[in-house]
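Subject: Structure for your files

Hello,

Here is the structure we talked about, with notes on what turned up in it. Please open it alongside this message.

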Amino acid sequence: MMNKKTLLALVAVAGLTGAASSAQAQSFGSIGQNALSAATSSAKSGMTGMVGNMLPSLSSASTSNLTGILGYCVQNNVLSGTTATSANSVLNNLTQQQGVTSSSGYSAGQQGLLQTGDNQMFSLANLKGQLKTKLCNMVLSKAQSLL
């Protein structure tokens, strides 16, 4: 019989590589199945956290730059449904604030360039699918707090 450490090590490796099938887990009995399920779930949530950590912080972006980015997100249909409607409303309010649209930060944002501080830019063009949507939602949330 396998000891608990060996079983957990096997389950962890199987969960990280995704190589273990349900049938293989069945051979470990219910303890192995439960441990495999927990390891797989943990690996998936860890990946989600890693993906979220790949996105830049918005803390250094100016109001003008965030407004430009929001415009980029709306223009490129990154946001949809009620989120897009909300984004349009926030965008209209922010672009009416004095000096917002005349800023170089706004122009950069409209091109999908987020100012991340220290004269660094992050291009939204480098993001695909869910990551781009997540960043646009983060920008919308931050922009709403500026109103």
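I will start with helix α4, since much of what follows comes back to that element. The buried residues of α4 are covered by, among others, α5, α6 (104–110), β1 and α7. Please keep in mind that this is a predicted model.

**Helix α4**

α4 runs over residues 63–75. Of its 13 residues, 10 are buried, so that the helix is mostly covered. The buried ones are Ser64, Asn65, Leu66, Thr67, Gly68, Ile69, Leu70, Gly71, Tyr72 and Cys73. The length of the helix is as expected: 13 residues at 1.5 Å a residue should span 18 Å, and the C-alpha atoms at its ends are 18 Å apart.

Thr67 is one residue of α4 to look at by itself. Its relative accessibility is 0%, and because burial is set at under 20%, Thr67 counts as buried. Beyond the neighbours within four places in sequence, Thr67 is in contact with Leu91, Leu94, Thr95, Val100 and Tyr106.

Gly68, also buried in α4, has a C-alpha 6.3 Å from that of Ser107, although 39 residues separate the two in sequence. Ser107 belongs to helix α6. Its relative accessible area is 34%, which makes Ser107 partly exposed.

**How α4 meets α5**

The axes of α4 and α5 are 10 Å apart, and the two helices pack at an angle of about 145°. Their crossing is left-handed. On the α4 side the residues involved are Thr63, Thr67, Leu70, Gly71 and Val74; on the α5 side they are Ala87, Asn88, Val90, Leu91, Leu94 and Thr95. By type, this contact has 6 nonpolar residues, 5 polar ones and no charged ones.

Val74, from the α4 side of that contact, is 11 residues away from Thr85 in sequence, and their C-alpha atoms are 9.1 Å apart. Thr85 sits in α5, which covers residues 81–95. With a relative accessible area of 55%, Thr85 is exposed.

**Two asparagines with positive phi**

α4 is followed by Asn77, which lies in the loop between α4 and α5. Its phi is near 55°, a positive value in a residue that is not glycine. Asn77 is exposed, at 63% relative accessibility.

Asn119 also has a positive phi, of about 60°, without being a glycine. It is found in the loop between β1 (113–117) and β2 (120–123). At a relative accessibility of 82%, Asn119 counts as exposed.

**Helix α7**

α7, one of the elements that cover α4, has 17 residues, 129–145. From first C-alpha to last it reaches 25 Å, close to the 24 Å expected at 1.5 Å a residue. Its buried residues are Leu131, Lys132, Leu135, Cys136, Val139, Leu140 and Ala143.

**The protein as a whole**

There are 7 helices and 2 strands. In sequence order they follow the pattern α-α-α-α-α-α-β-β-α. The protein has 147 residues, of which 33% are buried. Among contacts with a separation of 6 or more, 68% are between residues 24 or more positions apart.

**How far to trust it**

The mean pLDDT is 78, and 64% of the residues reach 70 or more. Which stretches fall under 50? Residues 1–28 stay under that value throughout, and the model has 27 contacts for them beyond four places in sequence. Over residues 35–51 the pLDDT is also below 50, with 14 contacts beyond near neighbours in sequence. Where pLDDT is low, the predicted coordinates should not be read in detail.

Regards

Definitions and conventions:
Residues are numbered from 1 along each chain as its sequence is written. This is a predicted model: local features need pLDDT of at least 70, side-chain atom pairs count only at pLDDT 80 or more; totals for chains, interfaces and linings use all residues. Side-chain values use heavy atoms; hydrogens and water are left out. pLDDT is the predictor's confidence in each residue, from 0 to 100. Contact means heavy atoms within 4.5 Å. Helices (H or I, at least four residues) and strands (E, at least two) are DSSP runs, numbered from the N terminus. Buried means under 20% relative accessible area, exposed over 50%, partly exposed in between (1.4 Å probe, protein chains only). The expected span of a helix is 1.5 Å times one less than its number of residues. Axes are lines fitted to C-alpha atoms, for helices over the stretch in contact, and angles run from 0 to 180 degrees between N-to-C directions. A crossing is left-handed if the near helix is turned anticlockwise from the far one by less than a right angle, and right-handed if clockwise. Ala, Val, Leu, Ile, Met, Phe, Trp, Tyr, Cys and Pro count as nonpolar, Asp, Glu, Lys and Arg as charged, and the others, Gly among them, as polar.
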